[in-house]
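Biologist: I am new to this structure. Please take me through one part of it closely.

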Amino acid sequence: MSNEKVDFSLKETSPKIGGGRVSGSGRLTSSFDLVEQLHFLYVGIIRARGLAEPCDPFVEVKIGNYRATSRDFENRFNPEWNHVFAFTKDRIQAVSVEVSVRDKVSAAMIGVVSFPISDIPSRVPPDSPLAPIWYILEDQDGKKGERGELMMTLWMGTQADEVFPEAWHADAAAVSGESITNTRSKVYLSPRLWYLRINIIQAQDLVFRDRNRKPDVLVKGILGHLVLRSRVSKDNSINPTWNEDMMFVAAEPFDDPLILTVEDKIGENMEECLGKCVIHLSKVQKRNLPMAASANWYNLERTVKEGEEGRDVRFASRLHMRVSLDGGYHVADESTYYSSDFRATAKMLWKAPIGVLELGILNATGLIPMKSKNQKGTTDAYCVAKYGPKWVRTRTIVDSLAPKWHEQYTWEVYDPYTVISIGVFDNGHLEGGRGRDQTIGKVRIRLSTLQSDRIYTLSYPLIVLHPGGVKKMGELQLAVRFTCSNLTNLLICYSQPLFPKMHYTHPLSVFQIDSLRDQASNILCLRLSRAEPPLRREVVEYMLDVGSNMWSMRKGKANFARIVAALDGLVVAWKYLDEICKWKNPTGTVFAHFLFLIVLANPQMIIVAFFVGCFFLGLWNFRNRPRRPLHMDTKISLAETANPDELDEEFDRFPSTAPVNRLRVRYDRLRGIAGRCILVMGDIATQLERFRSLLSWRDPRATMLFVAFCFVASVVVFVTPYKVLLAIGGFYVMRHPRLRVSLPSAPQNFFRRLPTRLDSML
């Protein structure tokens, strides 16, 4: 990185928003009051009839220097296009619109019609669309009646028009053909995901080829392209048992069946199929409540003969299992810390929404060129926002380092402790491109940090961490509003469990959660890539933070710094207590003695004083409360001070592809860190074992002393009032330095001499 100071701060902006209908309720709305109104000239071409001569017609719309064409039809007299063109009003410098029908083969003009721009009417939703009209085409000499008719409509509108997402835009004029689809804005919905649980109990009457060998039987499950295996049964018999769970993630509609095979491991990487069972998921029991699914016997089939005549499938044995689609869980496709939804799969378990989230994606500034066109750096930027199962994608602004979208989207909110993610990408699939959509940056906004019914207009820095260091890619201006429909329901959410009930009654292991999240993210990548235009794998993985749990030295240091910062209050309190005990501030120490006597006289006021202090501290901090939502901080993340080798290790693949010498250096560094961690773990274990050895008689003299002390202490505590004991203890801790010695106390010396199991370590 250069030595130039880069501004990574969050900035407030004042865009000219509010041109639409303001939405103040919690219901969904189609208003566009969080974005600036962009005015467009829409030209809708419907169809033509009665063309003068056989041709391959297409329509050309010309406004000044702008020229747009529709698709052509081969040898058609009555073609139908149903196509809309959108031209930005601020960039129009002509006084008329010329619409002509031309022949693709000869490029000759069949007929033309023109309109003065000043006479074009305006339309404001929710008005109904303007009715198209048949216009008589003129020839080059201005004669009418011999060239045919064209049905079309023209109007002045905004981005609130329903045709806006599907229209051809003038700012994408450089894009043609099938690539136009990749520039349009779309809304995507994630498929509903289920946890498929297979509880394998046992198999019955298996038939083995070699009956003189002890079998090693396992169950293999296949769903789509994913294969899972159970452990080898400990029962080396024809009736093996497992009592093991196997879990998949299944997506609606259930296209792939579940295939279960019982395998006998006969050698290294060699398995013999003893039977196969195919289960269609549409017939599987759906379990929405924490009750055990019914156990059933499933017949296993085995292919005995296979040849030119076909195959002979016979009954092999039976498999006892519980198979269920668990709808009581929330299928996690994101990290728990950045999750945008915590609802269960089953809709019957959903609660009513508590509000509405509205997002206005305004514009970006100062973007860095991501590629080169005609020896010129450029960027074809678009945004993707995800909240819950709903994904939105803005249109692609072609060849601009300061794109303006001004698109608004709405989501229902079910929990305030959720995060909306907005990513900016460079479109790499225009004009026949087949590259990856490069990452420009991402913004996260946690809803619980937003005030209700307030519009936040902020410019977020787009920060990306590269192997070469942290880099600011530009700024993204957003307008966000969280509207609460019922304050009581919102406050009740803070006392309710974060996840559905099944997560607590039948919890999943950490390994299962990570594995199932990988399955879920892979399914979303496959499903969303089949949309038109597709959300490609690199985009979905970046939005879902796939791979965020990989090893990173930078993240380890940052998390340790967070722990130190969180414990800073305790450290300050300990230092203040140490100053009091050592009489570094005599006035403060005397005041502490006086306060201690008050507390000692009224011990019941301790808890009251604590809560009263928290109350006034909260009121005091109210004036210094944060005015802006949190954003990505390069200082907290240690992104600016990260070592290049640490960043290279963080971006390395798994398994690693780095050279051997570099891996050896990383391994030695990791061994050094792990060695220090082992020493800390050993010290903690030693101290805990010393506590256990107080009464273990491992050191008989030490245990005898401790037992005698406990007897004497019990008698003293019984006959002495507890206020006297507290007074003696408090004044002893705060005694004057002249009454102190620099040597460790007798209890410390006694504790350090207790035996531990460290002597038994090799």
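Biologist: Why does Ile607 count as exposed or buried, whichever applies, and what is its relative accessibility? Please set the residue in its surroundings.

Modeller: Keep in mind that this is a predicted model. Start with the residue itself. Ile607 has a relative accessibility of 57%. The cut-off for exposed is over 50%, so Ile607 counts as exposed. Its place is in helix H8.

Now look around it. Ile607 belongs to a nonpolar patch on the surface. The other members are Phe591, Phe594, Leu595, Ile598, Val599, Ile606, Phe610 and Phe611. Together, the residues of this patch have about 920 Å² of accessible area. Two elements give two or more residues each: helix H7, running 586-601, and helix H8, running 605-622. H7 is the one that gives the most, with five residues.

Next, step back to the whole protein chain. It holds 13 helices and 30 strands. Its radius of gyration is 36 Å, whereas the globule rule gives 27 Å for 762 residues. The value is well over the rule, so the chain is more spread out than a compact globule. The C-alpha trace spans about 120 × 85 × 55 Å along its principal axes.

Then consider cover and contacts. Of the 762 residues, 41% count as buried. The accessible surface of the protein chain comes to about 43800 Å², and carbon and sulfur atoms account for 57% of that surface. Take the contacts between residues at least 6 apart in sequence: 69% of them join residues at least 24 apart.

Back to the starting point: Ile607 is an exposed residue in helix H8, and it is part of the nonpolar surface patch.

Note on methods. Residues numbered from 1 in each chain as written. Predicted model: local features only at pLDDT ≥ 70, side-chain atom pairs only at ≥ 80, totals over all residues. Heavy atoms only, no water. Patch = residues over 30% accessible without salt bridge, like charges linked within 9 Å, V, L, I, M, F, W, Y side chains within 5 Å. Areas by Shrake-Rupley, 256 points an atom, 1.4 Å probe, with all protein chains shown as cover. Salt bridge = Lys/Arg side-chain N within 4 Å of Asp/Glu carboxyl O. Helix = DSSP H or I, 4+ residues; strand = E, 2+ residues; numbered from the N terminus. Buried < 20%, exposed > 50% of the residue type's maximum accessible area, 1.4 Å probe, protein only. Rg over C-alpha atoms; globule rule 2.2 N^0.38 Å. Contact = heavy atoms within 4.5 Å.
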